[in-house]
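Trainee: I would like a close look at a single part of this model, namely chain A. Please take me through how its backbone pairing is laid out, and then through the side it turns towards its neighbour.

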Amino acid sequence: MESTPTAGLEGRALACRRGGRTVFRALDLAAAPGDLLVLRGANGTGKSSLLRLLAGLLAPSDGRLAWDGEAVDEDPAAHRRRVAYVGHNDALKPTLTLAEHMRFHAALRAVPGDACAAALDAFGLGALAGVPARFLSQGQRRRAALARLVAAPAALWLLDEPTNGLDAASVEALARAVARHRASGGIVVAATHLEFAGASARTLTLGAA
Amino acid sequence: MSAALALVARDVRLALRTPAETLTILAFFVIAATLFAFGIGPEPQALARVATGIVWVVALLACLISLDRLFQAEADDGSLDQLVLAPAPLELLVLAKCLAQWLTTALPLVVVSPLVATMLQLSPHGYATLLASLLLGTPSLTLFGAVGAALAVGARKGGALLALIVLPLYVPVLIFAVAAVEASIAGLSPRPHLFLLAGLAVFALTLAPFAASAALRQASE
């Protein structure tokens with residue numbers, strides 16, 4: 001018998017195998033609109049794998065992943081539309097400017113590009129909009145990767161160590177963006193070692209067993 | 001659809017900002033063909049007899065070496081994840097990348113091919129068909145090559161693997177293209193061969209995006 005569908009993201013008995021090794025199994029998680037779910041765990045406990053699994057880049061070897069009660073693998077295109085993923089790499093091309101990166105990302109996500117300038121401003125990159133990515137520092141590149149979240153709105157943010165290389169002010173900017181996203185009913189799942197300013201975050205610790 | 005066009009525009013812009021990559025491929029094309037001229041000797045008849053084959057084999061190898069970074073560069077900087085997660089079908093985005101790749105590497109090869117053909121003493125009756133065969137044949141080279149490039153993403157000796165996967169797929173294109181040019185030089189109609197080349201291009205166009213997308217999804221797991 002099916003239980004009542006839960007709004008937002010829900011994973012039941014998720015399992016992930018990589019290279020013949022079980023990374024995690026029987027993992028349950030749920031995140032309702034407005035939730036921030038922080039993934040914790042030692043290196044190698046599967047935080048990145050779980051994020052890629054939630055994004056749909058990686059198929060779970062067992063279990064069920066659902067959005068608003070519907071299995072995501074039934075309509076992968078709909079799931080791709082609602083996912084914004086920031087991985088370890090910043091996905092920047094050395095010769096393209098930040099403004100070009102934002103416009104391309106908006107076009108790729110099939111959203112209007114009006115939020116691009118505001119997205120760069122939100123992460124203090126407004127003055128660098130015309131600068132090619134190869135002249136940026138590591139922290140600035142990371143901020144540009146995060147600015148994509150604002151440039152192309154999506155319901156579910158999946159952030160893999162988003163604060164890597166960020167200074168305190170940029171972590172603040174990220175916390176503000178996350179708070180705004182949650183206030184508008186968005187869901188954030190983030191693997192991070194830093195405390196997010198946003199209170200009422202829920203924590204999922206991997207590899208605890 | 002606009003996502004695909006944006007991807008074409010981005011890749012063309014990237015190629016224009018680093019013209020060295022396209023120029024390297026063109027230089028390879030001209031220099032490798034020159035080596036054949038030196039190796040075979042200056043007798044016009046000897047060169048003319050093999051000119052078609054040389055132009056085509058060298059153009060094919062130039063296409064091959066340009067494919068190395070097609071998807072590997074996207075995988076290395078994390079852009080591949082963004083492409084796989086884009087709402088548009090990955091097949092369409094693969095097609096967009098192939099179009100940009102063709103515009104920035106294969107089309108310049110077609111443009112300089114008459115120069116190389118002159119150097120190799122190609123018969124004047126063969127020029128028009130050589131251009132037609134390159135225009136019809138190089139899209140297949142790019143599309144089949146994209147399948148190989150997608151399969152080779154993440155492989156340690158990607159370049160060598162790419163050649164092993166792709167070169168056998170290039171054989172039919174080479175055979176029909178050279179046959180078309182030889183037919184016009186001999187005063188026969190090249191049309192049957194050109195139609196077969198067009199058929200191969202349609203085959204590649206319908207099959208390659210699906211095969212390459214499947215390989216890319218596998219690579220981004």
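Mentor: For what follows, two strands count as paired if DSSP finds at least two bridges between them. Please keep in mind throughout that this is a predicted model.

With that rule in hand, chain A has an open sheet of four strands, which follow one another in the order E2-E1-E4-E5 and pair in the antiparallel sense. The edges of this sheet are formed by strand E2 (21-31) and strand E5 (70-71) of chain A, each of which has a partner on one side only.

Starting from the E2 edge, E1(A) and E2(A) run antiparallel and are joined by seven bridges. Within this pairing Cys16(A) stands opposite Phe24(A) in E2(A). The hairpin that connects E1(A) and E2(A) leaves two residues between the strands, and there Gly19(A) adopts a positive phi near 55°.

Moving one step across the sheet, strand E1 (residues 9-18) and strand E4 (residues 62-67) of chain A are again antiparallel, and five bridges hold this pairing. Several facing residues can be named here, and they let you trace the register of the two strands. Gly11(A) stands opposite Leu65(A) in E4(A), Arg12(A) has Arg64(A) of E4(A) as its bridge partner, and Ala15(A) faces Asp62(A) in E4(A).

At the other edge, E4(A) is joined to E5(A) by two bridges, with the strands once more running antiparallel. Ala66(A) stands opposite Ala71(A) in E5(A). As in the hairpin of E1(A) and E2(A), there are two residues between the strands of the E4(A) and E5(A) hairpin, and in the latter Asp68(A) takes a positive phi near 50°.

Now to the side of chain A that meets chain B. Here 24 residues of chain A are in contact with 27 residues of chain B. The area buried between the two chains is about 2400 Å², and carbon and sulfur atoms give 57% of this area. Looking only at what chain A buries against chain B, Arg80(A), Lys93(A) and Leu108(A) supply 27% of it, more than any other three residues.

Lys93(A) also takes part in the charged contacts: a salt bridge pairs Lys93(A) with Asp77(B), and their closest N and O atoms are 2.8 Å apart. Between chain A and chain B the count of such salt bridges is five, and the residue pairs in polar contact, with both residues at pLDDT 80 or more, number 12.

Which elements of chain A give two or more residues to the side that touches chain B? They are helix H1 (47-55), helix H2 (76-82), strand E6 (83-86) and helix H3 (98-108) of chain A. The largest share, five residues, comes from H3(A). Sorted by class, this side of chain A has 12 nonpolar, four polar and eight charged residues.

One further contact brings us back to helix H3. The side chains of Glu100(A) and Arg13(B) meet in a salt bridge with an N to O distance of 3.7 Å. Because Glu100(A) lies in helix H3 of chain A and Arg13(B) in helix H1 (residues 2-17) of chain B, this pair joins two chains. For context, the structure holds 14 salt bridges over all chains.

To gather the two halves of the picture, the open sheet of chain A has the order E2-E1-E4-E5, whereas the elements of chain A that give two or more residues to the side touching chain B are H1, H2, E6 and H3.

Note on methods
Residues numbered from 1 in each chain as written. Chains lettered and ligands numbered in written order. Predicted model: local features only at pLDDT ≥ 70, side-chain atom pairs only at ≥ 80, totals over all residues. Heavy atoms only, no water. Contact = heavy atoms within 4.5 Å. Buried area = accessible area lost by both parts, 1.4 Å probe. Salt bridge = Lys/Arg side-chain N within 4 Å of Asp/Glu carboxyl O. Polar contact = N/O pair within 3.5 Å; in protein donor to acceptor, adjacent residues only side chain to side chain. Nonpolar A, V, L, I, M, F, W, Y, C, P; charged D, E, K, R; others polar.
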